[in-house]
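Q: Could you take one part of this structure and walk me through it closely, in connected steps that a first-year student can follow? I would like to see how each residue you mention fits with the others.

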Amino acid sequence: MSIDWAALGSVFGVSLVATVALVGLFTLGIVGLSHRERVAAEGGSAPLAVTGAYACFAACSAAVAYGIYLIVA
């Protein structure tokens with residue numbers, strides 16, 4: 001039995017990049033919502049920040065749903 005180290009490294013690299021990207025996207029969503037809270041405390045509104053935050057959360061949800069689809073199928 002032998003281990004294909006190139007394939008193992010490839011899987012590790014793709015997993016690492018996907019994880020960092022997904023966490024970064026979720027973080028951007030949280031930052032957008034916190035910007036909305038800060039602006040609302042000052043009496044304004046931030047529709048672009050809210051729209052961007054919801055888009056980030058939707059992209060995270062889509063990525064998780066696609067990952068579940070790949071596992072189940």
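**A close look at helix α2**

A: C60 counts as buried, because its relative accessibility is 7%, and the cut-off for that word is under 20% relative accessible area. Before going further, please keep in mind that the model is a predicted one.

C60 is one of the buried residues of helix α2, a group that consists of A49, V50, A53, C56 and C60. Another member of this group, C56, is buried with a relative accessible area of 13%. With two buried cysteines in one helix, it is natural to ask about a bond between them. A disulfide is a covalent bond between the sulfur atoms of two cysteines. The sulfur of C56 has its closest cysteine sulfur in C60, at 6.9 Å, which is too far for a bond, since the two sulfur atoms of a disulfide must lie within 2.5 Å. Looking from the other side, C60 is in no disulfide either, and its nearest cysteine sulfur is that of C56, 6.9 Å away. A search of the whole structure agrees with this picture, as it finds zero disulfides.

The helix that holds these cysteines covers residues 47-72. Its 26 residues should span 38 Å at 1.5 Å a residue, and its end C-alpha atoms are 37 Å apart, which agrees with that expectation.

What do the buried residues of α2 pack against? Their partner is α1, and the relation also appears from the other helix, because what covers the buried residues of α1 includes α2. On the α1 side, the buried residues are G29, G32 and V39. Helix α1 runs over residues 5-41, and its 37 residues reach 54 Å from the first C-alpha to the last, close to the 54 Å expected. It is followed by G43, whose phi is positive, near 95°.

Not every residue of α2 is hidden, however, and two of its alanines show this. A55 lies in helix α2 and counts as partly exposed, at 47% relative accessibility; measuring along the chain, A55 and G24 are 31 residues apart in sequence, while their C-alpha atoms are 13 Å apart in space. A63 also lies in helix α2 and is partly exposed, with a relative accessible area of 37%. A63 and A18 are 45 residues apart in sequence, yet 9.4 Å apart in space, C-alpha to C-alpha.

Further along α2 we come to I68, which is partly exposed with a relative accessible area of 48%. Together with V64, I71 and V72, I68 makes a nonpolar surface patch of about 430 Å².

For contrast, we can end with a charged pair on α1. Side chains of opposite charge can pair when their charged atoms come close. The side chains of R36 and E37 meet in a salt bridge, with 3.5 Å from N to O, and the count for the structure comes to one salt bridge. Of the two partners, R36 is partly exposed, with a relative accessible area of 31%, whereas E37 counts as exposed, at 51% relative accessibility.

Notes: Residues are numbered from 1 along each chain as its sequence is written. This is a predicted model: local features need pLDDT of at least 70, side-chain atom pairs count only at pLDDT 80 or more; totals for chains, interfaces and linings use all residues. Side-chain values use heavy atoms; hydrogens and water are left out. Patches are made of residues with over 30% relative accessible area and no salt bridge: like charges are joined within 9 Å, nonpolar side chains (Val, Leu, Ile, Met, Phe, Trp, Tyr) within 5 Å. Accessible areas come from the Shrake-Rupley method with a 1.4 Å probe; for residues, only the protein chains shown count as cover. A salt bridge is a side-chain nitrogen of Lys or Arg within 4 Å of a carboxyl oxygen of Asp or Glu. Helices (H or I, at least four residues) and strands (E, at least two) are DSSP runs, numbered from the N terminus. Buried means under 20% relative accessible area, exposed over 50%, partly exposed in between (1.4 Å probe, protein chains only). The expected span of a helix is 1.5 Å times one less than its number of residues. Contact means heavy atoms within 4.5 Å.
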